[in-house]
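The following exercises lead through a structure step by step. Please study the sequence and the model before turning to the solutions.

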Amino acid sequence: MIKNCYIHIPFCKNICTYCDFCKMFYNQNMVFNYLNALEKEIQSTYQGEELETIYIGGGTPNCLNVEELERLFQILSILHKSSNMEFTVEGNIDYFTEEKLLLFKKNGVNRLSIGIESSNPETLKKLGRNLDISLTKEGIKKAREIGFSNINVDLIYAIDGECNHQLDEDISFLLSLSVEHISTYSLMIEDHTILKMQGEKNIDEDLDYSMYQTICKKLKENGYLHYEISNFSKKGYYSKHNLCYWNNQEYYGFGLGASSYLHDKRITNTRSYSKYIKGEFVKEIENVGISEKIEYQILLNLRKKEGISLEEFKRLYKKELISFYNYSSLLKEGLLVLENNYLFIPEDKWYISNEIIVRLLGCEVYG
Amino acid sequence: MKQENIRNFCIIAHIDHGKSTLADRILEYTGSIDKRELKNQMLDSMDLERERGITIKLNAVELLYHKDGEDYQFNLIDTPGHVDFSYEVSRSLAACEGAILVVDATQGVEAQTLANLYLALDNHLTIIPVINKIDLPSANPEKVIKELENIGFSANEIVLTSAKTGEGIISLLDKIIEVIPAPKGNEKAPLKALIFDSLFDSYKGVITSIRIMDGILRKGDIIRMMETGAKYDVVGLSINTPKEKSIDVLRAGEVGYLYASIKSISDVHVGDTITLDNNPCLEKLPGYQPMRPTVYCGIYPVDPSKFEDLREALNKLKLNDAALTFEAETSKALGFGFRCGFLGLLHMDVMEERVTREFGIELIATSPSVVYEVELTDHTKIIVDSPHKMPRREVISKILEPYVKCSIFSPSSYIGPLMELCQEKRGNFIGMDYLDTERVTIQYEMPLSEIVYDFFDRLKSCTKGYASFDYEIIGYKESNLVKMDILLNGEIVDALSVIVHKDFAYQRGRIVCEKLKEIIPRQLFEVPIQAAIYNHVIARETVKALRKDVLAKCYGGDITRKKKLLEKQKEGKKRMKKIGSVDIPQEAFLSVLSSKESS
């Protein structure tokens, strides 16, 4: 039963230098055609399930104008929403105007995700984020007044030239916003991004590590739970939508470049606008057989603090995890911990979780 | 074909002077091949040869040429150009009466031009000097004619060609008839045929290339290999035109291929003489001096289960490359492999690549070593071709290493840096000659190990690629040498040990440690890298512990991408060798090879 849905709105009025996600400059005519195609995609795929999460991401979804947003919600009205659903819209603070906030509220949105990324004007400039960060506090206050009680903000750290002092300022700024959820990402310089073309370098690995430690420590001291590698939240405010990924659940993904996981297939949509509006939505389909499914289960579950529920694993795959992957040496080395029938990466080793996952997948039992 | 209308010849040249292209053009002009069919460098049948532009395995082709009402049979025997393959060059030379010496009109006489010329003269061949690539704007044939005159040719002997445009090819073909002597075998004498090459074909078994010196060989004859005594029925004879064509008989003076259902590779020795079992000749042909390998290295399959496959591959390669030697060896770090001996560095490179490419076996090669003679305190002498065979210091009285005489051809403007390089490489200056005002040849005596180490790269960079270089081994000399070990996480990695001159040990140790630091990825714990001589640490670096290995973000549910990244990481791990608890990439074993400073 599919309970989750991602909607991609690729339009931005400004392109960030680090962004390798599917995006394009805002253009009214293109938005119009895009929304029509999106409607077709949803209508042709959606099977009428009751959804527990919807996430509208981008791009910058809230840069659409009010009419366009109304059209979007009209398209989404065919989706069945459960009574306690989590409905998130992502965007930049300067587009969360009172008018749009009211519109979101009216259409059932109950969670906002705001890309702040940094509080330092120089850093924002480097990231190509052309916005006035001083509007943030005011904007969040307004959202609260309108009734949004679940707000996430993003932070990017480990940017070349950034020092510990700047990071401290960023964290203080985020804490001053008293939001329910914080996502932090260490800057990755991806191919085909402006930063990469400008020859941006990664910062020293050791400095990156110490920044990560600082963030974890400060956010914890201030009452945030570190429930997943890069996500922190106040109690009861985990992102249900993100957890669906980490729990290896199936989900719809609609829009340009979106990914979905439906009926044992992982589907990646085209990133080509012209193909998409012609109705050629899908670019790639990966069939997820049982062994792939197990691999996904492991690598995704291990992102979470609680790790893999061995009981659930056995229920899903009929055999114990250890009969597929013999993880005993990893337990001995302290890279994995087994407690209350959950297998997880201890928090102080999260920073090397890839290495641990790769090692675990290397312990495959043949036969 | 009557013997006086046969011409057996080869083409010799410095690398890249256009030997293979010239061969192609001869094929085209004798009508042996259609222009349409002509792949570049038709004679080079291995992919590797075509890619590298060097001829590795020789190849014989029979061409028909018509002139003044007479039919002529040309047997063109291809030879490799590089110094490492001089053994094979001399093999092909023994099957010929003449040689075409190709010199690039833009480059002039180079080191291997001379080395190959001397080899040909040693074999009493008639030489036709050819200046090729005269179509190039930068060609300077007048200058090259002067250079050729300086080494003993007269201007009227020289043919000017462009293998690219075809200019001069007809004159060359006419010159071949005019100058190169016909073979002088006796058809009535007992069969005497030279095996000058062999190769293994998975359908036909062993195929040998032969030149009939005396007598006649027919399909169905029973032959005997004079050195090994093995007997075979001749199943088939053929020639290469350059398409294969079956024939029934090969006569004195002719060149062809012989099939005899030879299954055992060890029965065929290149250089051996074939005769008839029922009417043998009295004495063997002189054959060849077997070449002794000068460079050794350890070769290990990345996948340990491929050890037997690797043995089979080496056996097959040895079949037509008698100079290759190998024996099984074990390394604590790398498992089971082979210690292989090669004629030189290029020979080593080519062999490693052939194993990988033709047999699909991925290899780890250890740093190459020369062959040392070690005199022990008990006055016995041992041969050491691998660092880990070096005895303990206490029992060594002295170590001798091979020296070479090397000749470097270069524009005279690079004399300064060249001499500096040679001094640095422990060279002793012998002499210097000017070919003309701008080109000079310098001779040095130098330890072979210095050449094996990084001489080629350094030579290239200090002369911007304009120098050429050739060497021959002249003997052994005592040197102050030590074995340097590399320790990872406190453990000696045998495959990384090298023998170095004591004066260079510190510098070399430092460079190797720095390189390894760069190549070895961060691990879960800190890994010290040390270079040590007799347990005394001379250099140290540290690979810091892994600090960041996490995919922070995962936008919009693009989980497939995350998995792909992890799979890539997993593949990368598989390609590494686990030594103790440290994962080492394959390149690490080559790092001790290169002196390039880490950047």
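**Exercise 1. Two residues with positive phi**

Asn489(B) counts as partly exposed because 17 other C-beta atoms lie within 10 Å; a residue is buried with 20 or more other C-beta atoms within 10 Å of its own, exposed with 12 or fewer, and partly exposed in between, the C-beta atoms being placed from the backbone. The model is predicted: local features need pLDDT of at least 70, side-chain atom pairs count only at pLDDT 80 or more, and totals for chains, interfaces and linings use all residues. Residues are numbered from 1 along each chain as its sequence is written, while chains are lettered from A and ligands numbered from 1 in the order in which they are written.

Task: Locate Asn489(B) and state its phi. Then determine whether His124(B) is buried or exposed.

Solution.
- Step 1. Asn489(B) belongs to the loop between β27 (481–488) and β28 (491–492) of chain B; helices (H or I, at least four residues) and strands (E, at least two) are DSSP runs, numbered from the N terminus.
- Step 2. The phi of Asn489(B) is near 55°, which is positive in a residue other than glycine.
- Step 3. His124(B), also not a glycine, has a positive phi of about 60°. His124(B) sits in the loop between α4 (111–122) and β5 (126–132) of chain B.
- Step 4. His124(B) has 9 C-beta neighbours inside 10 Å and therefore counts as exposed.

**Exercise 2. The nonpolar cores**

Task: Which residues have the most contacts inside the largest nonpolar core?

Solution.
- Step 1. A nonpolar core is a set of buried Ala, Val, Leu, Ile, Met, Phe, Trp, Tyr and Cys residues joined through C-beta atoms within 7 Å.
- Step 2. The largest such core holds 157 residues, and Ala99(B), Leu101(B) and Val130(B) have the most contacts inside it.
- Step 3. Setting aside residues up to four places away in sequence, Leu101(B) touches Ile12(B), Ala13(B), Thr113(B), Leu117(B), Ile127(B), Ile128(B), Pro129(B) and Val130(B); two residues are in contact if their C-beta atoms, placed from the backbone, lie within 7 Å.
- Step 4. There is a second, separate core of 96 residues, which includes Leu76(A), Leu321(A), Tyr327(A) and Ile356(A).

**Exercise 3. The contact between the chains**

Task: How many residues does each chain bring to the contact?

Solution.
- Step 1. Chain B contributes 21 residues and chain A contributes 35 residues.
- Step 2. On the side of chain B that touches chain A, nine residues are nonpolar, four polar and eight charged. Here Ala, Val, Leu, Ile, Met, Phe, Trp, Tyr, Cys and Pro count as nonpolar, Asp, Glu, Lys and Arg as charged, and the others, Gly among them, as polar.

**Exercise 4. The nine-stranded sheet of chain A**

Task: Which strands stand at the edges of the sheet, and why is one side of each left without a neighbour?

Solution.
- Step 1. Chain A has 14 helices and 17 strands. Of its 367 residues, 44% count as buried.
- Step 2. Nine strands of chain A form an open sheet with mixed pairing, in the order β9-β10-β8-β7-β6-β5-β4-β1-β11; two strands pair if DSSP finds at least two bridges between them.
- Step 3. The edges are β9 (225–228) and β11 (252–254) of chain A; each has a single partner strand, so one side of each lacks a neighbour in the sheet.
- Step 4. Within this sheet, neighbouring strands are turned by 20° against each other on average, direction ignored. Axes are lines fitted to C-alpha atoms, for helices over the stretch in contact, and angles run from 0 to 180 degrees between N-to-C directions.
- Step 5. Strand β5 (residues 80–91) of chain A runs parallel to strand β6 (residues 111–117) of chain A, joined by four bridges. Val89(A) is opposite Leu112(A) in β6(A).
- Step 6. Helix α8 (residues 205–221) of chain A lies across β7 (151–157), β8 (181–186), β9 and β10 (231–233) of chain A, at about 175° to β8(A).

**Exercise 5. A hairpin in chain B**

Task: How many residues form the connection in the hairpin that joins β12(B) to β13(B)?

Solution.
- Step 1. Strand β12 (residues 236–240) of chain B and strand β13 (residues 244–247) of chain B run antiparallel and are joined by four bridges.
- Step 2. Leu237(B) stands opposite Ile247(B) in β13(B).
- Step 3. The hairpin connects the two strands through three residues.
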